[in-house]
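User: Got a minute to walk me through this one? I'd like to start with the side chains and get to the ligand later.

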Amino acid sequence: MIRREDFVPDEDWEHFREISKDFPTPNIFVNMTAVEKAYRQLIKTFPYADVYYAVKANPGIPVLKLLDKLGSNFDIASRYELDTVLSLGISPERLSYGNTIKKAVDVAYFYQKGVRMFATDSKEDLKNIAKNAPGSRVYVRVLIENSSTADWPLSRKFGCHPDMAYNLLVLAKEKGLIPYGISFHVGSQQRDIGQWNDAIAKTKYLFQSLEEEEDIKLEMINMGGGFPAHYLQPTNELSEYASEITRYLEDDFEEIPRIILEPGRSLTGDSGILTSEIVLISRKNNTSLARWVYLDCGKFNGLIETLDESIKYPVVTDKDGGKDGEVILAGPTCDSADIMYEDAKYKLPLDLKSGEKIYWLSTGAYTSSYASVGFNGFPPIKTYYYDEQNVYDDKDNKVK
Ligand SMILES: *Cc1c(COP(=O)(O)O)cnc(C)c1O
């Protein structure tokens, strides 16, 4: 059985229930105090690192403002994210363009706005950067195979083989760019800390060989995200990640270079609760034991990371504790892909009724910004951000 108190302490739960009670479902409530706590914990466990928040995880203005205030930098993936962040008065010196897939005109746009740090993983992109962002710092992303231990892998699509990374950094220098460092992402919600060891070893080889053979002295390692939020699949605590990863760095480098982290999920994931209402409960035949529970949220409205049942959110109700039985959880749209969990065999109380609420915990990252614009006419799920007293919408307008 899923115990709510293992994920949200009683006091926080009561505050959430009180502050969210008058809002129509589905909605997501993000606890800003929890985001702040996660940020403070991260910089405490990695005191030597610079944090570049991966904006895509939760781009709500209240989150960006809070992280700005706390001193975070930002990893930006598109000109639209860039415009949003710059509109808050955040300096372009605190931004990196971390997407390796970009149009030449977008490179020029970032450069014109003052951004001077770019990720790359291909020759064509590197040439675009040299031409449209002359003299900038570039770091090359290396490919990390991680599909089995990361719950939301980011392999295959991004990064290049270390041999190619080597060539790209040489080419960067020839083209008048600053060959600045190496980046990698071991996969989001990475449960195997050892993945960082392999990645750091590859990085060390590149640092060493580029210095010895090309007289290129790299200065920075961008270790990406991958740090955990709390879902059903257990993970180590962040402190465990930090002490292991720090040890890998110390083993491989006499002097640790500048370290950048790009957390998304671990900063905002645990802070969110998605509230949905049960639309309908049914069975597919007279004797089937499993109930189909259809909700007013689904894959197209906040829960896309249930794709392949990858991320297993803790799901709780107001009736937990009594007798329960197996359910299939599905969304409200006319698409049979809109099923969140079937194989995972979630269990919910037997006396659950339509109109009652289901709470999805740890839904502060990769939820609302992934929602469709209006599939079947359902509007995108709304996110609210709250502190001790007030509630704000995603544009930071106070709504309560
Ligand atoms: C999405 C992304 C991140 C964030 O990863 P998490 O696992 O959510 O922390 C970091 N860096 C890059 C380049 C990304 O694309």
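**Rings, turns and the ligand**

Analyst: Sure. The charged end of Arg 116 sits over the ring of Tyr 111, 3.8 Å from its centre. "Over a ring" needs NZ of Lys or CZ of Arg within 6 Å of the ring centre and within 35 degrees of the ring normal.

User: Which ring does Lys 284 lie over?

Analyst: Lys 284 lies over the face of Trp 292, at 4.7 Å from the ring centre.

User: Before I get carried away, what am I looking at?

Analyst: It's a predicted model, so local features need pLDDT of at least 70 and side-chain atom pairs count only at pLDDT 80 or more, while totals for chains, interfaces and linings use all residues. Residues are numbered from 1 along each chain as its sequence is written, and side-chain values use heavy atoms, with hydrogens and water left out.

User: Ok, rings. How many aromatic pairs are there?

Analyst: A search of the whole structure turns up 24 aromatic pairs. Rings of Phe, Tyr and Trp (its six-membered ring) pair if their centres lie within 6.5 Å; planes under 30 degrees apart are stacked, over 60 edge-to-face, and the rest tilted. One of the pairs is Trp 13 with Phe 16, which is tilted, with 5.3 Å centre to centre and 45° between the planes.

User: Where do Trp 13 and Phe 16 lie?

Analyst: Both are in helix 1 (residues 10-20), three residues apart, about one turn of the helix. Helices (H or I, at least four residues) and strands (E, at least two) are DSSP runs numbered from the N terminus. An α-helix has 3.6 residues a turn, so residues three or four places apart point the same way.

User: Trp 13, buried or exposed?

Analyst: Trp 13 counts as buried because its relative accessibility is 9%, and Phe 16 does too, at 0%. Buried means under 20% relative accessible area, exposed over 50%, and partly exposed in between (1.4 Å probe, protein chains only).

User: And why is the Phe 23 and Phe 29 pair called edge-to-face?

Analyst: Because their planes are at 75°, with ring centres 5.1 Å apart. Phe 23 is buried at 12% and Phe 29 at 0%. Those two belong to one aromatic cluster with Trp 13, Phe 16, Tyr 359, Tyr 384 and Tyr 386.

User: Change of topic: what kind of peptide bond joins Thr 25 and Pro 26?

Analyst: A cis one, with omega about -5°. Pro 26 is in the loop between helix 1 and strand 1 (27-31).

User: Which other backbone spots should I look at?

Analyst: Gln 189 isn't a glycine, yet has a positive phi of about 50°. Gln 189 is in strand 9 and is buried, at 0% relative accessible area. Ser 362, also not a glycine, has a positive phi near 60°. Ser 362 sits in the loop between strand 17 (357-361) and strand 18 (382-386) and is buried at 4%. Then there's Gly 71, which follows helix 3 and has a positive phi near 100°.

User: What does the Gln 190 side chain reach?

Analyst: The backbone nitrogen of Asp 192, at 3.0 Å. That's a polar contact: a pair of N or O atoms within 3.5 Å, where within protein one must be able to donate a hydrogen and the other to accept it, and residues adjacent in sequence count only if both atoms are side-chain atoms. Gln 190 is in strand 9 (residues 188-190) and is buried, at 0%.

User: Now the ligand. Which residues come nearest?

Analyst: Lys 56, Ser 188, Glu 262, Gly 264 and Tyr 366, out of 13 around the ligand. A residue is near if one of its heavy atoms lies within 4 Å.

User: What are the polar contacts?

Analyst: Among them, an N or O atom in the side chain of Glu 262 is 2.6 Å from a ligand nitrogen. A backbone N or O atom of Gly 264 lies 2.8 Å from a ligand oxygen, and a polar backbone atom of Arg 265 is 2.9 Å from an oxygen of the ligand.

User: How much of the ligand's area does the protein bury?

Analyst: 93% of the 390 Å² the ligand exposes when taken alone. Accessible areas come from the Shrake-Rupley method with a 1.4 Å probe; for residues, only the protein chains shown count as cover.
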